[in-house]
Every structure is written in C-alpha cells, then in structure tokens.
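Colleague: I am new to this structure and would love a close look at one part of it. Could you take me through the metal site and then show me what lies around it and further along the chain?

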Amino acid sequence: MMEMVEDPRWALVVARDASADGAFVYSVATTGVYCRPACAARTPARRNVRFHPDPAAAEQAGFRPCKRCCPDQPPLAERHAALVAAACRRIEQAEEALSLGELADGAGLSPHHFHRLFRSITGLTPKGYGDAHRANRVRDALAAGAGVTEALYDAGYGSSGRFYAAADATLGMLPSAYRAGGATVRIRFGIGSSSLGRVLAAASERGICAILIGDDDDILAEDLHRRFPQADVTAADPDFAVVLDQVIAMVETPAQGLSLPLDIRGTAFQQRVWQALRAIPAGQTMSYAELANRIGQPEAVRAVAGACAANRIAVAIPCHRVLRSDGAVSGYRWGVERKRALLAREAG
Ligand SMILES: [Zn+2]
C-alpha cells in the first residue's frame with residue numbers, strides 16, 4: 001500500500017487558521033459548497049475535502065460558495081477595513097455628529113460589534129474620531145488664518161457656543177490656549193519595524209501626534225520625550241499594535257495615505273507650511289521657494305525650510321517631498337538616504 005503524505009492545507013483547515021485566508025479554499029463533496037480555510041462550520045470528513053487555489057477554481061469544479069464564510073467575497077479583514085473606512089468618510093462628511101446607531105446601521109452591524117470593530121481598526125471610538133476630525137478642521141482653519149467663528153462654522157459646529165462647550169473635549173483646551181501651545185496631553189506610543197528602519201508612532205487622544213524613524217528604539221523614545229516635554233508619555237498597550245501597523249503600512253506605501261486623524265501641534269506658521277506639504281501628492285516634489293509661494297509668503301523661504309525641519313509626523317506630513325531649488329535631495333531629519341528611498345518609492 002502506498003503511503004500518502006497529508007496535504008499541509010488540511011492542518012490549517014482543522015486549526016481554522018485565519019492567517020490562511022486568501023491562500024486557498026476547500027470544497028466538500030457531500031454538500032457541494034466551498035469554504036475559506038477558517039470557516040466556522042463543522043469540519044468535514046477528510047475524504048470529502050478537496051483543495052482549490054481560489055474561489056474561481058472551486059466554482060469551475062462545480063461548487064458554490066458557503067453562505068456562512070462567503071469565500072467569494074474579499075477576505076474578512078479587508079471587508080472590515082472597508083466598512084470602517086466608509087464609516088470614517090461618513091463621519092467626516094456629516095454636518096452633525098452621527099449617533100452610534102446610525103453608523104452601525106450604515107455598516108450593517110450591531111452597535112456593539114461596530115463599536116468594537118471601529119476601535120480595533122482606528123484605535124479610536126467613533127465619537128472620538130468625529131471629535132478629532134472636527135477639532136482638526138478647526139485647527140486647520142485657524143492655522144490658515146480664518147477667524148474663529150468662520151473656522152467653527154466650517155467645521156460643522158452650528159454655533160460658537162456649542163463649540164466652546166465642546167472645546168475642552170475636542171482641543172483639550174480653549175482655542176486661544178491651544179494656539180499658545182499649552183496644556184498637558186497624554187501620549188501613547190509604540191515602535192515597530194519597516195523597510196526604512198524602526199518606526200515610532202505616537203498618538204494623543206486626538207490623533208497621531210508623532211511618527212519618527214530611526215535605528216535605535218531608545219533614541220526614538222528620547223526624541224519623542226524631547227518633542228513633548230510637558231506631555232505624559234507612556235508605552236502603549238497591545239491594542240496600539242493596530243495603529244502602529246497602519247502607520248507602518250503608510251510608511252511602506254505613502255501614496256495610500258493614513259486614514260487616522262492627525263494631531264498637528266505647532267505655530268500658526270508651521271501649521272500652514274505643514275498643510276501645504278500635505279497637499280503635495282505622492283510622486284511629486286516642490287522646492288522650498290515654491291512652498292513659500294504656495295502659502296503666500298515668497299520671502300519666507302528659510303522659515304519654510306525651518307518648519308519642514310520641525311515636522312514631527314514623518315511621511316504623513318510629507319516634508320520629504322521638498323527639494324532644494326536646484327533639485328538636489330537636501331537634508332532630512334530622518335536621514336537623506338531615507339528621503340531618497342521614499343522619493344524613489346513614490347516615483348515608481
Ligand atoms: Zn464556509
């Protein structure tokens with residue numbers, strides 16, 4: 001009798017290994033359906049199971065998708081990310097804050113499930129995300145030189161009274177104090193690996209407040225403390241891994257952007273420069289002089305370069321897209337080699 005070597009995919013099915021999702025599907029001869037490796041349905045008898053490289057191959061062989069694990073749909077993680085991204089866009093576009101029920105309905109999930117999913121992917125609650133987004137809009141408008149009232153209405157606050165009532169929750173302080181750069185903040189951070197080296201991501205309650213790149217974790221953490229001397233800085237809990245993963249994915253593929261809100265702190269001038277940087281698309285570059293023109297202060301080239309150098313949110317505020325007027329790749333806080341690598345990545 002010939003001895004058969006068991007297909008390694010069977011062990012993944014038995015273990016319901018979700019990491020195998022997308023690598024193959026299996027069909028069950030007795031039921032005529034095919035499933036994802038991690039389908040929650042009862043594990044079929046081995047003799048009835050065949051493996052297929054993808055859903056199309058299983059359907060070609062005459063099987064239909066399981067109604068439970070929907071193997072003909074994109075992987076669950078992708079669908080969840082898409083649901084949460086759509087919810088983020090709804091929150092951003094809403095005139096008034098949306099309730100948890102409204103958001104959950106839109107995603108086709110129960111409020112409880114939606115809330116958990118949203119938090120696990122963004123690191124923020126839906127309400128926290130909405131507050132951070134509106135606060136960012138107020139800050140952006142203030143930094144761009146808008147009057148306080150105009151900034152508030154633009155950001156969807158129906159009256160300045162309502163904003164001031166909410167200001168402590170959204171900005172952590174009143175706008176005038178915010179502009180003065182005061183107040184203690186709580187900052188969580190995590191460090192992970194990327195193709196450009198170690199990446200530190202830090203978030204306040206309002207969003208990502210720092211992305212630093214380097215070679216040494218201790219030096220990165222010291223740099224963070226130095227940049228936020230008055231903040232209460234702590235290493236993050238394991239939940240933060242989801243945020244860190246998104247930041248690292250953005251460092252690897254800057255063109256995809258970052259769907260997390262940014263907590264941008266700086267002088268009004270710095271904020272105008274940083275907003276102008278965020279308007280430079282991936283794959284394009286600009287000189288410091290052009291950037292100075294863009295913010296309406298063509299004489300302020302040196303100050304613009306200073307604001308670029310003071311950027312503490314690497315890649316998401318793409319100061320690497322600014323070159324010297326002769327086109328040379330000049331200084332970069334996180335190393336000229338990394339700047340070259342980012343530009344090469346975006347050009348390709
Ligand atoms: Zn199934």
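Modeller: Here is a walk through the metal site, the sheet that one of its residues belongs to, and then a hairpin and a helix residue later in the chain. Please keep in mind that this is a predicted model.

Let's begin with the zinc ion. Its protein donors are the SG atoms of four cysteines, Cys 35, Cys 39, Cys 66 and Cys 69, which lie 2.3 to 2.4 Å from the metal. The angles among these four donor atoms run from 104 to 122°, and the site is tetrahedral. Along the chain, the donors follow the spacing C-x3-C-x26-C-x2-C. Distant parts of the chain are linked here: Cys 35 sits in strand 2 (residues 33-35), while Cys 69 sits in the loop between strand 4 (64-65) and helix 3 (76-93), 34 residues apart. Both Cys 35 and Cys 69 are buried.

From Cys 35 we can step into the sheet, since strand 2 holds this residue. The sheet is open, with four strands in the order 3-1-2-4 and mixed pairing. Strand 3 (49-52) and strand 4 stand at its edges; each has a single partner strand, so one side of each is left without a neighbour in the sheet. The partnership between strand 2 and strand 4 is parallel and consists of two bridges. In one of the pairs, Val 33 has Arg 64 of strand 4 as its bridge partner. As background, strands of a sheet pair through backbone hydrogen bonds, either parallel or antiparallel.

For an antiparallel case, move along to strand 6 (residues 197-204) and strand 7, which are joined by seven bridges. These two strands form a hairpin, with two residues between them. Within it, Val 199 has Ile 213 of strand 7 as its bridge partner. How many residues of strand 7 (residues 207-214) are buried? Eight of the eight are, so this strand is largely enclosed by the rest of the structure.

Strand 7 also leads us to the last stop, Asp 223, which is found in helix 10 (residues 217-227). Is Asp 223 buried or exposed? Its relative accessibility is 8%, and because buried means under 20%, Asp 223 counts as buried. Leaving aside neighbours within four places in sequence, Asp 223 is in contact with Leu 212 and Arg 333. With Arg 333 there is a polar contact between the two side chains, at 3.2 Å.

Notes: Residues are numbered from 1 along each chain as its sequence is written. This is a predicted model: local features need pLDDT of at least 70, side-chain atom pairs count only at pLDDT 80 or more; totals for chains, interfaces and linings use all residues. Side-chain values use heavy atoms; hydrogens and water are left out. Buried means under 20% relative accessible area, exposed over 50%, partly exposed in between (1.4 Å probe, protein chains only). Two strands pair if DSSP finds at least two bridges between them. Donors are N, O and S atoms within 2.8 Å of the metal (3.2 Å for Na, K and Ca); water is not among the atoms, so sites may look incomplete. Four donors count as tetrahedral if all angles lie between 85 and 135 degrees; four count as square planar and six as octahedral if opposite donors are over 155 degrees apart and all others between 65 and 115; anything else is irregular. A polar contact is a pair of N or O atoms within 3.5 Å; within protein, one must be able to donate a hydrogen and the other to accept it, and residues adjacent in sequence count only if both atoms are side-chain atoms. Contact means heavy atoms within 4.5 Å.
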